[in-house]
Amino acid sequence: MQLIICEDSQEASLKASEIVIQQLQNNPKTVLGLATGSTPIGLYKNLIDAFKKGKISFKDVVSYNLDEYLGIDRNHKESYYQFMHTHLFNHIDIKEENAHLPSNNLATIEQDIKAYNDALSKTKIDIQILGIGGNGHIGFNEPGTLFENETFAVDLTEQTRLDNLRFFNHIDEVPKRAVTMGVKTILRSKKIILIATGKNKADAIQKMIKGPVTTALPASALQKHPDVVVILDKAAASLL
Ligand code: F6R
């Protein structure tokens, strides 16, 4: 793992965006794996900025998102579909048909998951962007999930629901299930950039880098990948 420790979250976003911008300049047909959450928002802002300055284009870029909630509509303001449109897709020239997110349609979820896995097995993600949960989850691969999983439907832990409560009015509104790329899918990416900022990530980061590879801390599976760049601010790196 390559470790980059930054002064603050702004610098962490800058470092991540430099890598993605260079990738897009080298290969305009890049396949990106995208994450939601607070962590990548700064990265997405920088990518929008680079697009507006004419440095990069997304017109031939294909993207696959890591995860999506089950049980809330795509029009819900907290769906990851809305998140991606608000924070990135609405501001760049990516084609709607090239920007893929897991389905949240309960009626067709099984065949939709199969279709997502089929599409992902026929392509290769060039760069997968990841955040990390306070409990070491990546995507919605919660502690205890098997590393062999491809995209699957998952029950969210109480911890993760509490972490995400800040985006909803009440805990009852926080979805209980989600669809996520599995660890196996994530590890198939050519390159992975994991960004973590803030003290509440320090323990998970320490275990991810220095601890054993264990399903108890899903992010530790990244130790098995040959090209992972971990970009941290000082607070997230404070226990290393
Ligand atoms: C989001 C995702 C999650 C987040 C993680 C950290 O697509 O897959 O694993 O990356 O929960 O979330 P933030 O960035 O909000 O701290």
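**Notebook: ligand, pocket, Ser79**

I started at the ligand and found one of its oxygen atoms 2.8 Å from a polar backbone atom of threonine 36. I call that a polar contact: a pair of N or O atoms within 3.5 Å, and within protein one must be able to donate a hydrogen and the other to accept it, with residues adjacent in sequence counting only if both atoms are side-chain atoms.

Note to self: this is a predicted model, where local features need pLDDT of at least 70 and side-chain atom pairs count only at pLDDT 80 or more, while totals for chains, interfaces and linings use all residues. Residues are numbered from 1 along each chain as its sequence is written, and side-chain values use heavy atoms, with hydrogens and water left out.

**Around the ligand**

Next I looked up two side chains. Histidine 137 has a polar side-chain atom 2.7 Å from a ligand oxygen, and for arginine 166 the distance to a ligand oxygen is 3.1 Å. I got 14 residues surrounding the ligand (a heavy atom within 4 Å of it). The closest are Thr39, Asp67, His137, Gly139 and Lys201.

**The largest pocket**

Then I went for the open space. On a 1 Å grid over the protein atoms alone, a pocket is an open set of points where a 1.4 Å probe fits, with protein on both sides within 12 Å along at least five of seven lines; lining residues have an atom within 4 Å of a point. Grid points are joined across faces, edges and corners, and the volume is the space filled by probe spheres set on the points. The largest pocket holds about 800 Å³. Of its 39 lining residues, those closest to the centre are Thr36, Gly37, Ser38, Thr39 and Arg166.

**Serine 79**

Which loop holds serine 79? I found serine 79 between β4 and α3 (strands are DSSP E runs of at least two residues, helices H or I runs of at least four, numbered from the N terminus). Buried or exposed? I put serine 79 down as buried, because its relative accessibility is 0% (buried is under 20% relative accessible area, exposed over 50%, partly exposed in between; 1.4 Å probe, protein chains only).

Its side chain reaches the backbone oxygen of arginine 74 at 2.8 Å. A polar atom of that serine 79 side chain also lies 3.1 Å from the backbone nitrogen of glutamine 82.

**Helix α3**

Last, I checked α3, residues 80-87. Its buried residues are Tyr80, Tyr81, Phe83, Met84 and His85. Among the elements covering them I noted β2, α2 and α5.

Terms used. Contact = heavy atoms within 4.5 Å.
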